[in-house]
Amino acid sequence: MSAKTPIRPMDDAAIRDAAGIIRNGGLVAFATETVYGLGGDATNAEAVARIYAAKGRPSFNPLISHVADIAAVEEIAVMDDRAQALADAFWPGPLTLVMNKSEACRVSELTTAGLSTVAVRIPARPRARAFLAACGVPVAAPSANASGGVSPTAAAHVAASLPGPDDGGPALILDDGPCDVGVESTVVDLSTTQATLLRPGGIGREDIERITGPLAIAGSDDHAPKSPGMLSRHYAPNARLRMNADAPGPDEVFLGFGHIHAPGGENLSPTGDLTEAAANLFRILHAFDDADVNAIAVAPIPEAGLGLAINDRLRRAVRP
Ligand code: TXA
Ligand code: MG
């Protein structure tokens with residue numbers, strides 16, 4: 001048995017050590033008022049790739065960027081009047097706002113899964129905010145459980161669900177006792193004209209509607225075709241895409257992996273490293289879009305570990 005992740009009370013010394021781990025690209029699980037989060041530097045795509053790997057998630061969903069205060073929100077997102085009003089009413093607290101990225105936003109493409117919007121939350125617990133302030137970067141954090149598991153509301157749940165530090169799990173768990181809310185934050189999308197409830201959670205819909213007026217309710221099916229005027233919740237490149245290719249066709253740009261690559265193309269990871277490939281995926285697809293590429297051929301990606309999530313995203317981008 002390899003070592004378990006150490007659990008430390010969330011005091012100043014532990015917070016300082018944890019912030020150092022985050023700034024070095026490592027992972028830390030930490031208490032919030034909703035559930036324990038598995039945190040990594042949201043501006044570091046490799047750290048974010050490690051979050052997905054630790055959870056064993058077979059798909060990339062955009063993650064919430066956690067910050068300590070409004071100034072830090074404004075660095076990464078454009079806050080309109082609705083956002084200001086909701087922030088006044090519910091932050092710090094169990095509310096996540098999806099907003100357009102700011103010009104200066106350094107949150108990685110993998111954190112937002114390639115979207116032009118960013119989800120942001122200021123958690124209620126003072127120690128959680130002290131940790132985020134010490135990190136000095138936005139911290140991407142889904143719930144700190146293995147994919148398919150129950151969201152953890154105590155440090156021991158995290159240790160039981162996630163791998164230890166030698167197996168890709170967090171280096172440290174910051175224990176601030178049981179979570180008092182116990183369900184995830186409410187997610188509201190403000191990137192559209194009509195504010196939309198994307199996920200019910202710690203703050204009631206009626207309480208939010210008192211500020212915003214009636215909310216649109218997102219369909220429960222993520223895969224449903226996007227309705228007119230609504231932004232898609234999944235980024236997909238404009239180009240036609242072909243998977244499991246050995247070489248590019250005449251009109252295709254090649255997206256290589258490992259030793260399967262082509263001149264003039266890009267390579268997700270020349271060394272065949274899936275963490276590096278995940279970290280590069282959305283950045284390279286966007287670069288192809290920016291270059292008006294019409295057709296992409298992608299080398300085979302192993303169907304294991306992070307390869308599952310990479311292939312899932314590529315498959316969604318394949319169009320008949
Ligand atoms: O309470 C919580 O929110 C916990 C704690 C740790 O803060 N975090 C959490 O994160 O539940 P996560 O990554 O499991 O949930 C993120 C939710 C997902 O429903 C995701 O689809 C949505 O937020 N989301 C994130 N970014 C988005 C974006 N740019 N556009 C639309 N939805 C987004
Ligand atoms: Mg979860």
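How far does a polar side-chain atom of Ser 185 lie from an oxygen atom of ligand 1? In this predicted model, the separation is 2.5 Å. With the protein in place, 93% of the 690 Å² of accessible area that ligand 1 has on its own is covered.

Two further polar contacts to ligand 1 come from residues of strand E6, which spans residues 117-121. At Thr 117, a polar side-chain atom is placed 2.9 Å from a nitrogen atom of the ligand. At Arg 121, an N or O atom of the side chain is 3.1 Å from a ligand oxygen atom.

The shell around ligand 1 holds 22 residues, and the closest are Thr 34, His 66, Thr 117, Ser 185 and Arg 199. By class, eleven residues of this shell are nonpolar, six are polar and five are charged. Strand E4 (64-66), strand E6 and strand E10 (196-199) each contribute at least two residues to the shell. The largest contribution is that of E6, which supplies three residues.

Strand E6 is also paired with strand E5. The two strands run antiparallel and are joined by four bridges; within this pairing, Leu 97 has Val 120 of E6 as its bridge partner. Strand E5 covers residues 95-100, and five of its six residues are buried, so that the strand is mostly covered. A parallel pairing, again over four bridges, links E5 to strand E9 (residues 186-189). In this second pairing, Val 187 of E9 stands opposite Thr 96. Strand E5 thus has pairings with both E6 and E9.

The cysteines were examined for disulfides, with a cut-off of 2.5 Å between sulfur atoms. The count is zero. For Cys 135, the closest cysteine sulfur is that of Cys 105, at 17 Å, and no bond is assigned because this separation is too far. For Cys 179, the closest cysteine sulfur belongs to Cys 135, also at 17 Å, which is likewise too far for a bond. Cys 135 has a relative accessibility of 2% and therefore counts as buried. Cys 179, with a relative accessible area of 11%, is buried as well, because the limit for this class is under 20%.

Technical notes
Residues are numbered from 1 along each chain as its sequence is written. Chains are lettered from A and ligands numbered from 1 in the order in which they are written. This is a predicted model: local features need pLDDT of at least 70, side-chain atom pairs count only at pLDDT 80 or more; totals for chains, interfaces and linings use all residues. Side-chain values use heavy atoms; hydrogens and water are left out. Buried means under 20% relative accessible area, exposed over 50%, partly exposed in between (1.4 Å probe, protein chains only). Two strands pair if DSSP finds at least two bridges between them. A residue is near a molecule or strand if one of its heavy atoms lies within 4 Å of it. A polar contact is a pair of N or O atoms within 3.5 Å; within protein, one must be able to donate a hydrogen and the other to accept it, and residues adjacent in sequence count only if both atoms are side-chain atoms. Accessible areas come from the Shrake-Rupley method with a 1.4 Å probe; for residues, only the protein chains shown count as cover. Ala, Val, Leu, Ile, Met, Phe, Trp, Tyr, Cys and Pro count as nonpolar, Asp, Glu, Lys and Arg as charged, and the others, Gly among them, as polar.
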